[in-house]
Amino acid sequence: MDSDQFYAAPTTTGGLKAYFQRYSVQPDAADISLVHFRDGDQALAWPETWRKQHLATAEAALAAGIRPIIGFSFYTWNAAEFLAIARDIKQACPEALLVAGGPHVQQAEDYLFDEPLDLIVLGEGETTFQEIIDNPERDNWAGIDGLAYLDGDTLVKTRERNRRMDLDSLPSALEVVPLTDAEGKALYDSISYETSRGCPFKCAFCEWGTGAIGTKMYQFSMERIERDWRQIVGSGIKDIWLADSNFGALKDDLAKAELICELKSETGYPSTFATSWSKKHSPRVQEIVLLLNRHGLLPHYQLALQTLTPLALELSNRQNMASNKYEPIAKQMAEQGVPIAAELIWGLPGDNLRDFESNLDQLLATFPNINIFGYTLLPGTEFYEKRNEYQIQTIPVAGYGKAKGEYVVGCHTFSRDEGFEGYFLISSHILFVHGHLLPLTTRFLALSNCSGISTLLRSLLRDCLEEYREELGGLDASDRMAVYEQRAKIYLALLQSPQRSYRLLETRMCEWLVEQGHSGEFIEQLRCVLALDKTLSPRIGGKHSAWQHFEFDAQSLLKSLSAMELPEWGLLQNQQQDVLIETPGGVGDILKDPDGGSWLKGNIQRSAIVVDRLPA
């Protein structure tokens, strides 16, 4: 199941089908269909379709002594919908064999006792799923490695399946997944592709290295990768997103980057290329980043810092990554125009709101982009197992419920109230910085060594919620998780009346600066930056261009702040400038949430110096 933002070829389930067709003892004895949902609504509507179109086939198979099998590839984002589908199917056809695999169900006991799942695949699933299809009867399950199931009230786990070292022995999903329609048009916008498996780190909040996949990294051959990638770009798929854990860590990763740039030069595709980067900024990683950026293939380069709080680093098993010298890296990348970003997680055991805000304020002066995620407790991770030891308090992620998606809102190092306020901070950061309402203003304050910027952002959000109380209808501003969940609604309300919003923001920020003891000169500088933010913010309506007059050198101001530097105000403020701004528009149509605000910000096309002539 995909989402509104990401529609990709089903390479996971396609890989399972391709493996069965190559290695089954009777490949023609089973008819395998891939069912791919564009979003959650389509998934939840499928059981009714299944009853009308496929239930009779399943019943006929049972009458002929053939047990129908339905396999689910579980991830956090689809678990709730897939569990609902499983319940519906089991009710309609109790004899159907329901098999679940994927990272979200590796804690098998959380599902087998309460949900209508018959088998859970532990670890890599290709061989296990093929053996299940070839040997579906219960008497055969004990002899299949990597399985979990119930024997009465007893949980049974068979022998652990050894990881596959020769990845090229896995057939490509592209052998069975069509990428184009009858007219040759691409069926999908994107594709998720793995060139390697494994992660060398054992972060306590993540299952990548500590769970089913393991710490040893194996990779596909360059020949295999090139063959698949040429097929992908040849089909017209626009985006390639790697499912690798540490891109840049392996020697061949540079060759992969060179190949993707070569394909872009030859064919124009892919349009974007994204991955999870190596946790260490090695010379190889730097070379890859600069190469991709030169070819327009780098939407962002993200350093996964996650936290700077020492205890949180220690408990997360990340203390070895704490001194990664990120400040010179961020400075160097920003100067070269590389869209570098830091990644933070709020809610890790060992952290607290005061330290997290201090860390964020520090990073706002270092990174042009920061992505903050609320910590979701995932089954199969070390923190999940130690939830009682660390007194972890959670609430269900909206829409997940029994699917075990849980927001962490408290633990032994921060209170439940701090937990909620941390999510309120994330909301304010997403709205004002990611949403491109105040990115330059926030950066200017951070570079000027203003303290308490995170506190200011939270205060500004409360002011906006009060100002737009009527427009936001039934939103309870005191329910901080509701604010977090409905941040898109708040964002659209703010941009519906930009003059009103920026007037409020300017008033409140100037009051805050006075309280902080700043001079009138500094406040005037802030007003200049705020005027530039207002001009470049996303807009409702279509694409348009217009000249904007500034009482300062707006282009130089933008250049300085983009390089994470304070401008020479004496030069800027002695020069008036007219600037042609191109605004993409699209707010409320293309852009519906603040996470994509920077994609549709305004851009300076050209400028003209305003020369005041004295009267003759």
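# Notebook: a predicted model, element by element

**Cysteines.** I looked up C261 and found a relative accessibility of 3%, so C261 counts as buried. The model I am reading is a predicted one. C206 comes out at 24% relative accessibility and is therefore partly exposed. The line between the two classes is drawn at 20%. Next I asked which cysteine sulfur is closest to the sulfur of C206. It belongs to C203, and at 6.2 Å the pair is too far apart for a bond. A disulfide would need the two sulfur atoms within 2.5 Å. I then searched the whole structure and counted zero disulfides.

**Helix α6.** How many of the nine residues of α6 are buried? I noted seven for this helix, which covers residues 126-134, so α6 is largely enclosed by the rest of the structure. I wrote down the buried ones: E126, T127, T128, F129, Q130, I132 and I133. I also checked what they pack against. The list has one helix, α1 (11-23), and the strands β1 (69-73), β2 (97-101), β3, β4 and β7 (196-197).

**Strand β4 and its partners.** Since β4 is on that list, I took it next. Strand β4 spans residues 147-151 and is mostly covered, with four of its five residues buried. I found a pairing with strand β3 (residues 119-121), which is antiparallel to β4 and joined to it by two bridges. One bridge pairs V121 with L147 in β4.

I then followed β4 to strand β5 (residues 154-157). These two also run antiparallel, and four bridges join them. I looked up A148 and found K157 in β5 as its bridge partner. What do β4 and β5 form together? They make a hairpin with two residues between the strands. In the turn, G152 has a positive phi of about 70°.

**Sheet β6-β9-β10.** I traced an open sheet of three strands in the order β6-β9-β10, with parallel pairing. Its edge strands are β6 (190-193) and β10 (272-274), each of which pairs on one side only. From one strand to the next the twist averages 15°. For the pair β6 and β9, I counted four bridges; β9 covers residues 239-242 and runs parallel to β6. Y193 has L242 in β9 as its bridge partner.

**Sheet β11-β12-β13.** I found another open sheet of three strands, in the order β11-β12-β13 and again with parallel pairing. The edges are β11 (301-306) and β13 (369-374), which each pair on one side only. Neighbouring strands here are turned by 25° against each other on average, direction ignored. I counted six bridges from strand β12 (residues 340-346) to β13, and the two run parallel. I also noted W346, which stands opposite G374 in β13. Which helix lies across β12 and β13? I found α14 (residues 416-434) there, running at about 145° to β13.

**Helices α12 and α16.** For packed helices I record the angle between the axes and the distance between the axes. Helix α12 (residues 353-364) packs with helix α16 (residues 453-467) at an angle of about 100°, and their axes are 8 Å apart. The two are therefore roughly perpendicular to each other. The range that counts as roughly perpendicular is 65 to 115 degrees. I listed the residues that meet: from α12 they are E357, L360, D361 and L364, and from α16 they are I453, S454, T455 and R458. I sorted this contact by class and got three nonpolar, two polar and three charged residues.

**Helices α20 and α21.** I repeated the lookup for helix α20 (residues 520-536) and helix α21 (residues 554-562). Their packing angle is about 90°, with the axes 11 Å apart. These helices are therefore also roughly perpendicular to each other. In α20 the residues C528, V529, L532 and L536 meet A554, L557, L558 and L561 in α21. Which classes of residue does the contact of α20 with α21 have? I counted eight nonpolar, no polar and no charged residues.

How values were computed. Residues are numbered from 1 along each chain as its sequence is written. This is a predicted model: local features need pLDDT of at least 70, side-chain atom pairs count only at pLDDT 80 or more; totals for chains, interfaces and linings use all residues. Side-chain values use heavy atoms; hydrogens and water are left out. Axes are lines fitted to C-alpha atoms, for helices over the stretch in contact, and angles run from 0 to 180 degrees between N-to-C directions. Angles under 35 degrees count as roughly parallel, over 145 as roughly antiparallel, 65 to 115 as roughly perpendicular and the rest as oblique. Contact means heavy atoms within 4.5 Å. Ala, Val, Leu, Ile, Met, Phe, Trp, Tyr, Cys and Pro count as nonpolar, Asp, Glu, Lys and Arg as charged, and the others, Gly among them, as polar. Buried means under 20% relative accessible area, exposed over 50%, partly exposed in between (1.4 Å probe, protein chains only). Two strands pair if DSSP finds at least two bridges between them.
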